[in-house]
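Grab a coffee and work through these exercises with the model open beside you. Try each task before you read its solution.

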Amino acid sequence: MGTVVDDAASVEFHAFFERHHAELARFAHLLTGEADAADDLAADALLALWHRWDRVRAADHPVAYARGVVANLARTRIRSAVRERRRITLFWSQREDKTENPDIAGKIDVQEALRRLPFRKRACVVLRHAFDLSEKDTALALGVSVGTVKSQTSKGMAELKRLLGTEEAPMRVHAGVLPTGGAGGRDR
């Protein structure tokens, strides 16, 4: 990683850290609006600077370099938060379907089969078939490509068919079959 660990570099970095950590944390707070995340972003930025300290200390303006690293980390955090909000909005914006007189045994079988699917296959199947999202909306919600959604949905439905021991996989998995507890199943 190019980390310089000689004594002079260590002393120099420590002094830089002491001088600029609070300023970088304030900068991160102003960029993100999150007081709790500001110290973490500043610390992450300083860690990245330490790993490239030989390059940073040779720069004309090391503090400007540090601010750039904080800005990039803050941008990444903000984009991640925006994507997460979009996923939540897509997930909860769909109307709930109520099924009268549901097949309880079938519901339990489907729930158990869904739990056994790896996370991405399960998510694709549920979003596509239980929440009727398009391939594009499912891809957006999961942060993957449309091709990945097609592939994982197809493989997930084939695996459900095998797990349920049926000739036909359920074409529509009702939102009511989703477990109310934790995520369950294996995450991959």
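A salt bridge here is a side-chain nitrogen of Lys or Arg within 4 Å of a carboxyl oxygen of Asp or Glu. With that rule, the structure holds 5 salt bridges. Keep in mind that this is a predicted model, where local features need pLDDT of at least 70, side-chain atom pairs count only at pLDDT 80 or more, and totals for chains, interfaces and linings use all residues. Residues are numbered from 1 along each chain as its sequence is written, and side-chain values use heavy atoms, with hydrogens and water left out.

**Exercise 1. Get the overall layout.**
Work out how many helices and strands the chain has, and what share of its residues is buried.

*Solution.*
Step 1: Helices (H or I, at least four residues) and strands (E, at least two) are DSSP runs, numbered from the N terminus. Counting them gives 8 helices and 0 strands, so the order from the N terminus reads α-α-α-α-α-α-α-α.
Step 2: For burial, the cut-offs are under 20% relative accessible area for buried, over 50% for exposed, and partly exposed in between (1.4 Å probe, protein chains only). Buried residues come to 30% of the 188 in the chain.
Step 3: Now the surface, using the Shrake-Rupley method with a 1.4 Å probe, where only the protein chains shown count as cover for residues. The chain has about 11,900 Å² of accessible surface, and 52% of that belongs to carbon and sulfur atoms.
Step 4: Contact means heavy atoms within 4.5 Å. Take the contacts with a separation of 6 or more: 72% of them are between residues 24 or more positions apart.

**Exercise 2. Trace two salt bridges of arginine.**
Find which residue arginine 57 pairs with and which one arginine 77 pairs with.

*Solution.*
Step 1: Arginine 57 bridges to glutamate 12, with the closest N and O atoms 3.3 Å apart. That links distant parts of the chain, since arginine 57 is in helix H3 (residues 53-58) and glutamate 12 is in helix H1 (residues 7-32), 45 residues apart.
Step 2: Check the exposure of both ends. Arginine 57 is partly exposed because its relative accessibility is 32%, and glutamate 12 is partly exposed because its value is 34%.
Step 3: Arginine 77 meets glutamate 34 in a salt bridge at 2.9 Å, N to O. Arginine 77 sits in helix H4, while glutamate 34 is in the loop between H1 and helix H2 (35-51), 43 residues apart.
Step 4: Arginine 77, at 38%, counts as partly exposed, and so does glutamate 34, at 29%.

**Exercise 3. Look at a lysine pair.**
Is lysine 121 buried or exposed, and which residues does it touch beyond its sequence neighbours?

*Solution.*
Step 1: Lysine 121 forms a salt bridge with glutamate 159, the closest N and O atoms being 3.1 Å apart. Lysine 121 lies in helix H6 (residues 119-130) and glutamate 159 in helix H8 (residues 146-164), so this pair ties together parts 38 residues apart in sequence.
Step 2: Lysine 121 is buried because its relative accessibility is 16%. Glutamate 159 is buried too, at 15%.
Step 3: Leave aside neighbours within four places in sequence, and lysine 121 is in contact with Gln152, Lys155, Gly156 and Glu159.

**Exercise 4. Check two more buried residues.**
Find where threonine 138 sits and how far methionine 157 is from leucine 117.

*Solution.*
Step 1: Threonine 138 is in helix H7 (residues 135-142). It is buried because its relative accessible area is 0%.
Step 2: Beyond the neighbours within four places in sequence, threonine 138 contacts Cys124, Leu127, Arg128, Leu133 and Val149.
Step 3: Methionine 157 belongs to helix H8 and, at 11% relative accessibility, counts as buried.
Step 4: Methionine 157 and leucine 117 are 40 residues apart in sequence, with 9.6 Å between their C-alpha atoms.

**Exercise 5. Spot the charged patches.**
Which residues form the positive surface patch, and which form the negative one?

*Solution.*
Step 1: Patches take residues with over 30% relative accessible area and no salt bridge, joining like charges within 9 Å and nonpolar side chains (Val, Leu, Ile, Met, Phe, Trp, Tyr) within 5 Å. Lys and Arg count as positive and Asp and Glu as negative, while His and the chain ends are not counted. The charge is placed at NZ of Lys, CZ of Arg, CG of Asp or CD of Glu.
Step 2: The positive patch consists of Arg75, Arg79, Arg83 and Arg86. Arginine 83 is in helix H4 (residues 62-93) and is partly exposed, at 40%.
Step 3: The negative patch consists of Asp36, Asp39, Asp40 and Asp44. Aspartate 36 is in helix H2 and counts as exposed because its relative accessible area is 72%.
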